[in-house]
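Q: Please take a close look at one part of this predicted model, namely the way helices pack against each other in one of its chains, and set it beside the way that chain is divided into domains.

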Amino acid sequence: MMNLTIDNQEIEVEEGTTILEAARDNGIFIPTLCYHEALEPYAACRLCVVELEGKRDSRLVASCAYPCEEGAVVYTNSEIVRCSRRVTVELLMASGEHLPLVRALATELGVAEPRFRLPPDDCILCGLCVRACRDIVGVAAISLMNRGMEKKVGPPFEIASNACIECGTCVLICPTGALKLQDITKEQEDVHRWDSLFDHHSCHICGDHNLEPQFSVDYRSLLGEQPLDEEPSEG
Amino acid sequence: MKSPVKDNLKVGVFICDCGTEIASYLHTEALATAAEQLPHVALSRRMRYLCSRRGLTKMQEAIRGAGLNRIVVAGCTPRTHKAHLRSACREAGLNGHLLETVNIREGCAWVHQADGEAAMAKALDLVRAGVARASLLEPYEGTKIQITPSALVIGGGIAGMTAALALAERGVPVKLIEKEHLLGGLIRNLHTLYPTGRRASEFLNGQIEALRQQPNVEILVDTQVSEVMGSVGNYHLVVTSDGNDTIFNVGAIIVATGAQVRQPYGLFRYGTSKVITQLELESVLAKGDLHAEQMVMILCAGSRDERTPYCSGICCMTALKQALLIKESHPEVKLTLVFRDLYPKGDNPEEDIRKAKQLGVDFIQYGPEAEPRVTAERVEVYDLLIKRNTNLPYDLLVLATPLVPQKDATVLASLLKIPLDSHGFLPDIRFRLRPRDHVERGIYVCGAAHYPSDIQETTFQASSAAARAFNFLRQNQVVSEGLVAVVDATLCTGCGSCVEICPFHAINLKQQDGLLSISVVDPLLCKGCGLCAPSCPVKAISLQGSSDPQLMAQIKAILSSEQGRSKPLILGLFCEWSAYAAAELAGARHLQYPPHLRIIPLRCAGRIDPYHILWAFLNGADGVLVGGCPPGKCHYVKGNQQAERRVAKLIDALAARDFEIDRLRLEWFQPDDASAFVEEISIFAAQIEDLGPRVTQDRRWRNVRAA
């Protein structure tokens, strides 16, 4: 166990706990985008940055990935933190101003108008879908491709993926609703034929159901009666 | 069915606040207190974040401290968190299958934000059902098997040879069987190869030589598979050669049986002396006895029509190759290529088309609506370019006929229990199921057996199949964790209904000492869909984790609400792949819908027994909504069809007894369409509200028996 201070609150945590986990466990809110409880920290969105006070100066760290340190002093909503988040949100707004999620963050941080403009895009490249597909589902049907401005999410070579199991976890986990399964999966209209060669015969006892398999015993002959005509009927 | 261990049952209930996400809409403390009163509950606790390190540690401490043996977690979606919670349970010494999750976030808190009271009543119902189900859960360890580290390749064509060589080079002992006397398959009949122009025999002999020098490969010709026994990882194949049977034990099977060229008797006068196929032309060219002055080639002869709707993929290149060969060796021959579309593959096919045109080959395009007409002397074709009929006299007509599945593909498919596509080819065996829930079959299809393919693609596919087979084999051991069907041998009458209905051929009848035969489930082939359970007339077969007692208890508990009686209750029996996914997505999007719905997720809509629906109505449901995947989308091949059939039959039976059949509905849902889900639920809820509470005095329909 170790002790630290978050927003002037004395907190005791287990070793290995991240600052974000410690804060959340104690009811301190830190905004996040690319963080998910079921996934390893990714530290991509930089929205969860907090101020970590050092001996001479303080610095910004991504709280989702930064482990707590003994005696650390952390501020989650100081001016420098808010300033950093404002820039992050401005960058998000460049292509995602229409997204309710981004707009809510902007209002919260007091960003009115972004200084940058990009074509509108629903995807904010948080990578949650890619990581969920790989780490939770275990199939890795989608990935982040290209670099820089061209970066996007999709199946390999942007052709319908055979690996996708259509579980929809990516769609569920997407914070902005950018994903559709149709973008990933092949329309599997052509259902496989699994021809069964199983032969159904009508029941020897009641003659009613198509139940008795051909190699099961004929009860009537066991009882010394005349066996029924064996008429295979449709299953 | 085994009766679960009732005594010493200690259920632990953990209600998650999810910070404020759940706690702002639901009174979690009240929920925890209420859960404490439920039967078998030994401990009920509310947590701020259950999924956090601290939350999980607290849960583990509680399991160890209070000796809990069943866990119910009420929180967010199990789809993202169940695996974590399961492994936390395992760490605390509890079998992962003794955990039950209840979704009160996406399934309740987020979707009924305006109506706190109704949301609370619903959350309580869900938790009650979770506890009822958890009390009946049983531990399950999964199935573990060792893999035999060897492979069998069926088919000695280019696909089979490439795959065998690739596996042998990785050190896997391979047996290669070929039904004919010589290796090579279709390539044996070819003259030259496109686009290299290399002699086919030269290429083939090189391949065969490489194969013969590889000590890990054993080649058996004139050999065919006659029986397949065993299961995943350990197949015992009986192969017949000259009437002698041998058994091979292998871990992986590569199917490379290729395809055959259709001989289109009757089409375009095929069968008369002047009409041959491209394959026959190959041998004419190989022998060098081409005696023709006016040649016509018809492409897409017998393909891309109603009978054979696919493009055969190789004919354009073959035709181009032959045309160039002929023009180069016999420039005097007048050659016309009658085509529908030209789709040649390769490095630079346009160059070859240009070259052929330069050499004097005529290209004439016909349309599907006007096929060429062939008489004894000439081919009459409607030229799409000049919009006029053209007469082409011929003394040799060559038809580019499609590759069609081998005659014995169906036999092989049923021996190996692999699917056929609608054309009769063997598609890739890929299940759209969670990889941890099922094991790979260890059977891989490559080459033209899979789909018409040229040599390059075949080689590529074969290498890929070999790589996948190698990856499978080197695991040594595989574990299947998914829940599977189990048969109660004392109840089974051996009727075979489950054998017939199983989409994966996982159930077989096994003869018992002369008298009866009973069903036996292969746990490695079973995918846990549960289609078999409702089909059993004596209820001898059940699905682990979704048995009738568990579902009945869950349905009863979810409907035994005391507070919500003023509002109608709708039970949703939902396929987890579509309807349940859509419901969760609606939750994640915070879409609001009427709080009458109580959802029980199932593997597949095909698991639903008409008795479950009747049981729901008996226990006070005002409406039942069955949700499944749209036609053709079922993850278990045909579960949705079964659900549709069963619900339709039940509706007929209920209608005959004056039951308000509008209370029962079957809907298809798209897993990524939350708004359609909300719309559907709202309509159904309004309909049930209009109908009012069900008159429970009228019990006539109680006697209804599902046909």
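A: In this predicted model, helix α6 (residues 158-169) of chain B packs against helix α7 (residues 200-212) of chain B at an angle of about 35 degrees, and their axes are 10 Å apart. The crossing by which α6(B) passes α7(B) is left-handed. On the α6(B) side the residues that meet the partner are Ile158(B), Met161(B), Ala164(B) and Leu165(B), while α7(B) brings Gln207(B), Ala210(B) and Leu211(B). Sorted by class, that contact of α6(B) with α7(B) holds six nonpolar residues, one polar residue and no charged ones.

A second packed pair lies further along the chain: helix α15 (residues 548-559) of chain B and helix α17 (residues 610-618) of chain B have axes 9 Å apart and an angle of about 25 degrees between them, which makes α15(B) roughly parallel to α17(B), because angles under 35 degrees count as such. Here the crossing is right-handed, and the contact is formed by Leu551(B), Met552(B), Ile555(B) and Leu559(B) of α15(B) together with His612(B), Trp615(B) and Ala616(B) of α17(B). By class, the contact of α15(B) with α17(B) has six nonpolar residues, one polar and no charged.

As for the domains, the assignment for chain B includes domain 2 (146-260 + 405-479) and domain 3 (263-401). The C-alpha centres of these two domains of chain B lie 33 Å apart, and ten residues of domain 2 are in contact with 16 residues of domain 3. On the side of domain 2 of chain B that touches domain 3, the residues divide into four nonpolar, five polar and one charged.

Technical notes: Residues are numbered from 1 along each chain as its sequence is written. Chains are lettered from A and ligands numbered from 1 in the order in which they are written. This is a predicted model: local features need pLDDT of at least 70, side-chain atom pairs count only at pLDDT 80 or more; totals for chains, interfaces and linings use all residues. Axes are lines fitted to C-alpha atoms, for helices over the stretch in contact, and angles run from 0 to 180 degrees between N-to-C directions. Helices (H or I, at least four residues) and strands (E, at least two) are DSSP runs, numbered from the N terminus. Angles under 35 degrees count as roughly parallel, over 145 as roughly antiparallel, 65 to 115 as roughly perpendicular and the rest as oblique. A crossing is left-handed if the near helix is turned anticlockwise from the far one by less than a right angle, and right-handed if clockwise. Two residues are in contact if their C-beta atoms, placed from the backbone, lie within 7 Å. Ala, Val, Leu, Ile, Met, Phe, Trp, Tyr, Cys and Pro count as nonpolar, Asp, Glu, Lys and Arg as charged, and the others, Gly among them, as polar. Domain bounds come from an automatic or database domain assignment.
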